[in-house]
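Hi everyone, and thanks for coming along. I'd like to walk you through a structure that may be new to you, so let me put it on the screen.

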Amino acid sequence: MALNLEALGKKIGPIIKDYTWKDTVLYALGVGAGFSELEYCYEKNLKVIPSFSIAAIFEFLTHIGINSNLNLAGILHGEQELIFHNPIPPEGSLITEGKITHYYDKGKDKGALVVGESDTYHSTGKKLFTSIITVFSRLDGGFGGENAPKKEVVFPDREPDLVVSASPSPDQPLIYRLSGDIFDLHVNSEFAKMAGFKMPIMHGLCTHGFACRALIQSLVPGAPEKVRRLVCRFTKPLYPGTPIKTLIWKTEEGKAIWRVVNAETGAVTIDNGIFEYGDIPEEKIRFDGRVAIITGAGAGLGRTYALELAKRGARIVVNDLGGARDGAGSGSAAAADKVVDEIKALGGEAVASYDSVSTPEGGGNIVKTAVDAFGTVDILINNAGILRDKSFIKMEPESWNAVLDVHLNGAYNVSRPAFTVMKDKGYGRIIMTTSAAGLYGNFGQTNYSSAKMGLIGLMNALKLEGEKYNIKINAVAPVAASRLTEDVMPPDFLEKVKPEFVSPLVLFLCSEKCPVSGNIYNAGMSCFNRAAVVTGPGATLGSQDKPETLEGIIANLDKISSLKGGKEYGQLNDQIGDVLSALSKPLDSKVSAIGKQEKTASVSAVFEAMPASFIKSSAAGVDVVFQYNISGDKGGDWCCVIKDETCTVKAGKHDKPNCTLKISDSDFLLLMDGSLPAMQAYTSGKLKIEGDIMKSQLIEKLFKR
Ligand code: NAI
């Protein structure tokens, strides 16, 4: 199976990992922390060991393997560099995006190096760390690529300045693996023997965590937030229970060189370590060089966005028709002009635009104003708005259309020409202004609610078109005192609801730092949260050739309606994927209207179909027996014998299999339909392979999917 060099440069992620304080404490215990470093182990005033970062994004490593088609029997973590931009908070979500940056060839029998680089942001939007990981793939060399450039770390010619001794427990891998790396090599004696070790070995990253603690204790005691960079190369495996020493040389202000040795033999287990430390300067988000269009910026929320963006360096197009609250009248230049003057008085740059968003010509002119004045558009906040509230019977077409024209069509009219400019330059941020009235409903606002929810549909589709051009589109449902809300909020309440309580979130979504696209946020009155469309797991009813009955739907309504275990989809295809994989699973055991139990098996169907998908031309010289042990209700044992270019599949156990694959019935079906990649199944422990692991690599070659 050859390396897939085409994966070079292709985006990996976003990979999202939710974590709580318990995950960070579990990691700390896994790398040897205890009562003497209670700051890592006790939820009060908890701090996170910075090396938690790489354990938390372990899935990125899996993606490098899957995307590159690495021969999983020969992969090792080669080198690791971590650059810290902000301390890791004790809970939240981590959002990781990255790519494979290099494939290096050490030679046919020497292996390949695969380098992946990723950036991880916290759900607060802060960039936390950059990881540069080098995977050593022992069995994938000889593809004709260049060798990796030599990296040297020069160790001072003197005894180390500091030595920290530690004694990882013989059971250390059993704790460490609970942080994500559940690879058999660190737990299963038989597997370890097959891989050439006398027993399971320590995770290299566990020893790395011990070293990180030692470096913090020695150089920035009690202040993990001062770790700036941690680099190393993994050189030799270590057996659990072996004492270690971290040797540290201080080389310059804020920098040390380090390595970890086996304290019994002196063998170097982690080498070429670099540790940089010091205060992390607070990062100020700026918009210098960026051009922002804000529609409806002559008052209310739009004015505040314009002023705040200008204060941070953006050049602004202040668009406002200057019309009445209900959109009536021809408007006036005064609203936009006033805000332009305010920005100029602050030392900023701005131009006015008086066009209405409600026509395509108006939208085109607004974007043209930006391009003529400042040469480009980087940010668009679709904010202009009017209200014409009426109960539905009284909602005549004029009021319906006027509101849809400003909010929904207005966003289309301006976003389209702006998107063209952004696509050409490969950068853009678009904000849709939605509303709780659309997200949740509000009496007397059928026109407004429809328009505001329409904007979510526009965002959902456009985010997919913008993805490859780095155009991110998000939506905000604000709550603020303005002309639109003056008669729906009590006057004393209005005083406390300033647009300034909304604008920080909007500015974040407009910034280069924004890692998300397609998200909806409520913002106002110091309260920020995310809203989403969530789909429940539901039920798969009826059968392939017989639709469910009306009575059957009623009997299963609780299950169909439940949102428990619901999930968010990034796009329609993901949802269809789930529907298709639900169809390939056994149908729900259900109480039908006539009280009958129905079930359909499909694992056995996969084995029945196996000989038909056999590729004879790939089987020359292959002589192998695969044994499948499928657990679960629909499971069982099947063996597949490949010999003399034929394939025979039988239920039951073979007495001399070369390679045994163990997996649950549901994971097996996902594996077969391609929704669970084999590498992921293996590294996550869902698929266990015993016997000649190399033979399992043949399966992909021998069978059509
Ligand atoms: P606002 O009335 O103070 O500002 C809206 C601005 O849009 C006005 O200056 C108006 O002249 C301008 N505008 C209206 N039609 C226009 C057109 N065709 N072309 C160009 N400009 C036009 O209202 P506010 O509250 O600042 O609203 C801003 C956005 O936030 C609106 O989309 C509104 O629906 C939305 N929103 C506001 C909430 C709030 O609590 N204030 C709640 C939920 C949503």
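How much area is buried between domain 1 and domain 2? Please keep that question in mind while I introduce the parts. What you see is a predicted model. The domain assignment splits the protein into domain 1, made of residues 5–143 and 154–277, then domain 2 at 291–531, domain 3 at 534–568 and domain 4 at 603–702.

Now back to my question. Domain 1 and domain 2 bury about 450 Å² between them, and carbon and sulfur atoms give 58% of that area. On the domain 1 side, Ile95, Tyr121 and Gly125 supply 59% of the area that this domain buries against domain 2, more than any other three residues. If you look at the C-alpha centres of domain 1 and domain 2, they lie 44 Å apart. The contact takes four residues from each side, that is, four from domain 1 and four from domain 2.

What about charges and polar groups here? The interface of domain 1 and domain 2 has one salt bridge by the rule. Counting residue pairs in polar contact between domain 1 and domain 2 also gives one.

Let's widen the view. How many salt bridges does a search of the whole structure find? The answer is 27. One pair that links distant parts of the chain is Lys11, in strand E1 (residues 11–19), with Glu467, in the loop between helix H12 (446–466) and E16; they are 456 residues apart. In space, the closest N and O atoms of Lys11 and Glu467 are 3.1 Å apart. Are these two buried or exposed? Lys11 is partly exposed, with a relative accessible area of 42%, and Glu467 is partly exposed too, at 45%.

Here is another pair: Asp161 forms a salt bridge with Arg158, with 2.7 Å between the closest N and O atoms. Asp161 is partly exposed at 34% relative accessible area, and Arg158 is partly exposed at 40%.

In a third pair, Lys616 forms a salt bridge with Glu645, and their closest N and O atoms are 3.7 Å apart. This pair also links distant parts of the chain: Lys616 sits in the loop between helix H18 (603–609) and strand E19 (624–631), while Glu645 sits in the loop between strand E20 (636–643) and strand E21 (646–651), 29 residues away. Glu645 is partly exposed, with a relative accessible area of 31%.

Salt bridges can also join up, and a network of them links Arg290, Asp378, Lys425 and Glu512.

Last stop: helix H7. Its twelve residues, 300–311, should span 16 Å at 1.5 Å a residue, and the end C-alpha atoms are 17 Å apart, so the two values agree. Which residues of H7 are buried? They are Leu301, Gly302, Thr304, Tyr305, Ala306, Leu307, Leu309 and Ala310. The buried residues of H7 pack against several elements, including strand E11 (291–294), strand E12 (315–319), helix H8 (334–345) and helix H14 (503–510). Just after the helix, look for Gly313, which has a positive phi near 105°.

That's my tour, and I'm happy to go back to any part of it.

Methods: Residues numbered from 1 in each chain as written. Predicted model: local features only at pLDDT ≥ 70, side-chain atom pairs only at ≥ 80, totals over all residues. Heavy atoms only, no water. Helix = DSSP H or I, 4+ residues; strand = E, 2+ residues; numbered from the N terminus. Expected span 1.5 Å × (residues − 1). Buried < 20%, exposed > 50% of the residue type's maximum accessible area, 1.4 Å probe, protein only. Contact = heavy atoms within 4.5 Å. Domains from an automatic or database assignment. Buried area = accessible area lost by both parts, 1.4 Å probe. Salt bridge = Lys/Arg side-chain N within 4 Å of Asp/Glu carboxyl O. Polar contact = N/O pair within 3.5 Å; in protein donor to acceptor, adjacent residues only side chain to side chain.
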